[in-house]
Amino acid sequence: MIGNDFLRFIEQFHGLRSNAVVRFMDDFVLFSDSRRDLRHDFITIQRLLGEKGLSLNPNKTSDGVRENVELEDAIEDVRIQLLQRRRVVVTDYDGVPDEEVEVEQDLSEEEMDFLRGLLQQDDIEEEDAELVLALMAEHAEEAIDRLADIARRFPHLFKNIHSFCLEAGDEEAVAEFVLELLRDNDAMIYEFQLFWLTHILEDRLLNTTSAAEIIDRLNNHPHATSISRAKLLEIPDLRYGLVELRDTHLGAGQSDWLSWSSAVGHRGLNMIDRRHRLGYFAKASNYNKLVFDIVSKG
């Protein structure tokens, strides 16, 4: 398939994002303002050719020189500087840091402008979103409005979002971000996302004006599971109806994650009240008795 046949073959795929395809004899040139778009389109062309049993000759394929290459190189240099500055935090599922390396130098104005530019992109890439979360926590007021969008598009960045929220200064703004996600009935929120949202609640939001609503929405969310609810029940706070919610599970005579987590959550009660409320729970099973013995001694 050569010449005009190949041109027609390429032109029928409207999903390509490059601005134009120009034919010179048997050579083809992809034009775009975005290097990422060009790479995406090139991979698409390779796949489509492969489906026809064809392939591109790597010796005759090149990445052309553009007039703004110096500007792109300068931008890439800023990106590299930022990657070197970013805080590296490795955490387990409970959010406990295993290792932390922090660069204390303040961001330059050039670096801040670069991060602001990333935030303004409607189609921000995942690696750029991760960079924003890692470096802009001290400037959270500039990034908080995009946080819900980043959370929806890149659910696997939720540990990074949790770390960002720990550093953000405005707790009420963080609460609004959490509520925006929980109020969106059309959004698909996974169990691990609800888990991390509950972590954010426990770590930052229990003293905010939205705490009660956040608790209610986490507990009654249509995608909530026993695991995500268990994380909520084990928060040892005595406000917002949490004591009564835990009592509901403890009084059901069950031996499951919800009852065990409720027992653990009651560790915030005084010793006498705690043992009294856990008495019926302890009789349901040997495992419940073990949890009772541990919690009642704390």
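**Group meeting: a predicted chain, from confidence to contacts**

The protein chain averages a pLDDT of 79, and 70% of the residues score at least 70. pLDDT is the predictor's confidence in each residue, from 0 to 100. This is a predicted model, so local features need pLDDT of at least 70 and side-chain atom pairs count only at pLDDT 80 or more, while totals for chains, interfaces and linings use all residues. Residues are numbered from 1 along each chain as its sequence is written, and side-chain values use heavy atoms, with hydrogens and water left out.

Where is confidence lowest, and where is it highest? Strand 1, residues 20-24, is the low end, at a mean of 41. Helix 10 is the high end, at 97. Two stretches need a flag. Over residues 18-25 the pLDDT is below 50, yet this stretch has 25 contacts in the model beyond near neighbours in sequence. A contact here means heavy atoms within 4.5 Å. Residues 65-72 also stay under 50. For them the model has three contacts beyond four places in sequence.

Now the overall layout. The protein chain has 15 helices and four strands. Both are DSSP runs, numbered from the N terminus: helices are H or I with at least four residues, strands are E with at least two. Of the 298 residues, 38% count as buried. Buried means under 20% relative accessible area, exposed means over 50%, and partly exposed is in between, with a 1.4 Å probe and protein chains only. The accessible surface comes to about 17,300 Å². Carbon and sulfur atoms hold 50% of that surface. Areas come from the Shrake-Rupley method with a 1.4 Å probe; for residues, only the protein chains shown count as cover. Take contacts between residues at least 6 apart in sequence: 58% of them join residues at least 24 apart.

Next, a covered helix. Helix 13 spans residues 257-265, and seven of its nine residues are buried. Those are Leu 258, Ser 259, Trp 260, Ser 261, Ser 262, Ala 263 and Gly 265. What covers them? The cover includes helix 11 (226-233), helix 12 (242-250), helix 14 (271-282) and helix 15 (286-297).

A single buried residue, for detail. Thr 198 sits in helix 9, residues 191-205. Its relative accessible area is 1%, so Thr 198 is buried. Leaving aside neighbours within four places in sequence, Thr 198 is in contact with Leu 218, Ser 228, Lys 231, Leu 232 and Ile 235.

On to charges. The structure holds 15 salt bridges. The criterion is a side-chain nitrogen of Lys or Arg within 4 Å of a carboxyl oxygen of Asp or Glu. I'll show three pairs and one network.

Pair one is Asp 149 with Arg 146, closest N and O atoms 2.7 Å apart. They are three residues apart in helix 6 (residues 140-153), so about one helical turn separates them. Is each partner buried or partly exposed? Asp 149 is partly exposed at 26%. Arg 146 is buried at 17%.

Pair two is Glu 213 with Arg 183, at 3.0 Å, N to O. This pair links distant parts of the chain: Glu 213 is in helix 10 (residues 211-220), Arg 183 is in helix 8 (residues 171-183), and they are 30 residues apart. Glu 213 is partly exposed at 28%. Arg 183 is partly exposed at 38%.

Pair three is Asp 293 with Lys 289, closest N and O atoms 2.9 Å apart. Both lie in helix 15, four residues apart, about one turn of the helix. Asp 293 has a relative accessible area of 25% and counts as partly exposed. Lys 289 is partly exposed too, at 37%.

Then the network. Salt bridges link Glu 109, Asp 113, Arg 116 and Glu 142.

Back to helix 15, for a surface feature. Tyr 287, Leu 290 and Ile 294 form a nonpolar patch, with about 320 Å² of accessible area together. Patches take residues with over 30% relative accessible area and no salt bridge; like charges are joined within 9 Å, nonpolar side chains (Val, Leu, Ile, Met, Phe, Trp, Tyr) within 5 Å. Leu 290 is in helix 15. Its relative accessibility is 44%, so Leu 290 counts as partly exposed.

Last item, one backbone angle. Which sign does phi of Tyr 240 have? Positive, near 60 degrees, in a residue other than glycine. Most residues other than glycine have a negative phi. Tyr 240 lies in the loop between helix 11 and helix 12. At 30% relative accessibility, Tyr 240 is partly exposed.
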